[in-house]
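The questions below go through one protein chain, its helices first and its strands after. Each answer ends on the value or name asked for.

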Amino acid sequence: MGHGHGHGHGPGADRRHLSWALALLVVFMAVEVAAGVVANSIALISDAGHMLTDAASIVLALAAMSMAARPARGAYTFGFKRAEILSAAVNGLTFVVLVAYFVYEGVRRLIDPPEVEGALVLGTALAGIAVNAGAAWLIARADRSSLNVEGAFQHILNDMYAFIATAVAGAVVWLTGWGRADAVAALVVAALMARSGYLLLRDAGRVLFEAAPAGVDPVEVGSALTAHADVTAVEDLHVWTVTSGFPALSAHVTVRPGGDCHRIRRELADLLHERFHIDHSTLQVDHVPGRSCRIAAG
């Protein structure tokens, strides 16, 4: 998944960008619902429904940011950082629900196409493209390395593509009178939403099921640790992601008799940082078969 690198990253800046995008969407959504009813367009109504989930995704993202910022305390030793991942998963699930509805409604209207006001659909869709482009630009300036922000961004981006499809459908209906173009546009929107929903659920699932971070092979990590001159074995190696951009590792490392376990631990921690970008590591270092020292690095 590609991520943007906007300027002014930080919780405060990210919240501002998302809040402005939310305001844009809510105002235009009300206009689009009215236009969809007047034009009798399932493409416009599907866009409005999608826009509602856009707004909901941003609200979820803002709430998750607030929860994730709360400090660790009590039983929650990592705080509430995974609230962002849960928000992304909910965003992915809303795509699944919307896809099911729009496929059903699109097919129904392909079979029995209603009268559609093509000119109104075209004009509203063009305005929607501009609004979503502005909202996408705002969210792209936030930190998209956060799966939470990326989920909101994918909603907005897909909605912009949906408006493009709707604009084309409106033009076709207006110029040719072929009413089924409106239903075809709704099915195109559903296909785009299905893809984004799958990607979000896949990435959120990797974090929730504590898979290794994308691009990090645990076998390669174990081999790199074992390659250290003083290390004889690496066992109980676990690599996972606490939340977006927060990989963690724990392992039991056995070193040669007489080896300086403090020095070796520091060198292994540096290796994990430089080669695999893992800063939070817990390494239990034991001699063979001497004493052990359990030290956390990161």
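Q: In which helix is Gly128 found?
A: The model is a predicted one. In it, the helix spanning residues 118-140 contains Gly128. That helix is α4.

Q: Is Gly128 buried or exposed, and what is its relative accessible area?
A: A residue counts as buried under 20% relative accessible area. Gly128 falls under that cut-off and is therefore buried, its relative accessible area being 0%.

Q: Which residues is Gly128 in contact with, leaving aside its neighbours within four places in sequence?
A: Contact here requires heavy atoms within 4.5 Å. With its neighbours within four places in sequence left aside, the contacts of Gly128 are Phe28 and Phe163.

Q: What distance separates the C-alpha atoms of Gly128 and Thr243?
A: Along the chain, Gly128 and Thr243 are 115 residues apart. In space, their C-alpha atoms are separated by 33 Å.

Q: Where is Asn132 placed, and what is its relative accessibility?
A: Asn132 belongs to helix α4. The cut-off for buried is under 20%. Asn132 counts as buried because its relative accessibility is 0%.

Q: Which residues touch Asn132, not counting residues up to four places away in sequence?
A: Met51 is one of them, and the contact list of Met51 in turn includes Asn132, Asp159 and Phe163. Not counting residues up to four places away in sequence, Asn132 touches Leu25, Met51, Asp54, Ile156, Asp159, Met160 and Phe163.

Q: Which helix gives the most residues to the largest nonpolar core?
A: This core has 28 residues, and those touching the most other members are Leu18, Ala21, Leu25, Met51, Ile58, Ile139 and Ile156. At least two of its residues come from each of α1 (11-39), α2 (42-68), α4 and α5. The helix that gives the most, with eight residues, is α5.

Q: How many residues are in the other core, apart from the largest one?
A: Ala224, Ala251, Leu268 and Leu283 are among its members. This core lies apart from the one to which α5 gives the most. Its size is 19 residues.

Q: How far does α5 reach from its first C-alpha to its last?
A: Helix α5 covers residues 147-176, 30 in number, of which 22 are buried. At 1.5 Å a residue, 44 Å would be expected. The reach in the model is close to that, at 43 Å.

Q: Which residue just after α5 takes a positive phi?
A: The phi angle in question is about 80°. The residue that takes this angle, just after α5, is Gly177.

Q: How much of the chain over residues 220-287 is strand?
A: An unreviewed UniProt entry annotates residues 220-287 as "domain: Cation efflux protein cytoplasmic". Over this stretch the end C-alpha atoms are 23 Å apart, and helix makes up 34%. Strand makes up 46%.

Q: In which sense do β1 and β2 pair?
A: β1 (residues 231-243) and β2 form a hairpin with two residues between them, and Gly245 in the turn has a positive phi of about 75°. The bridge partner of His238 is Ser250 in β2. Over nine bridges, the sense of the pairing is antiparallel.

Q: What is the handedness of the crossover from β2 to β3?
A: β2 and β3 (residues 280-287) run parallel and are joined by eight bridges. Thr254 stands opposite Asp286 in β3. The chain passes from β2 to β3 through helix α8 (residues 261-276), and this β-α-β crossover is right-handed.

Notes
Residues numbered from 1 in each chain as written. Predicted model: local features only at pLDDT ≥ 70, side-chain atom pairs only at ≥ 80, totals over all residues. Heavy atoms only, no water. Helix = DSSP H or I, 4+ residues; strand = E, 2+ residues; numbered from the N terminus. Expected span 1.5 Å × (residues − 1). Buried < 20%, exposed > 50% of the residue type's maximum accessible area, 1.4 Å probe, protein only. UniProt positions renumbered as here; feature names shortened; annotations may be inferred. Pairing = 2+ DSSP bridges. Right-handed = clockwise from strand over helix to strand, strands pointing away. Core = buried A, V, L, I, M, F, W, Y, C linked by side-chain atoms within 4.5 Å.
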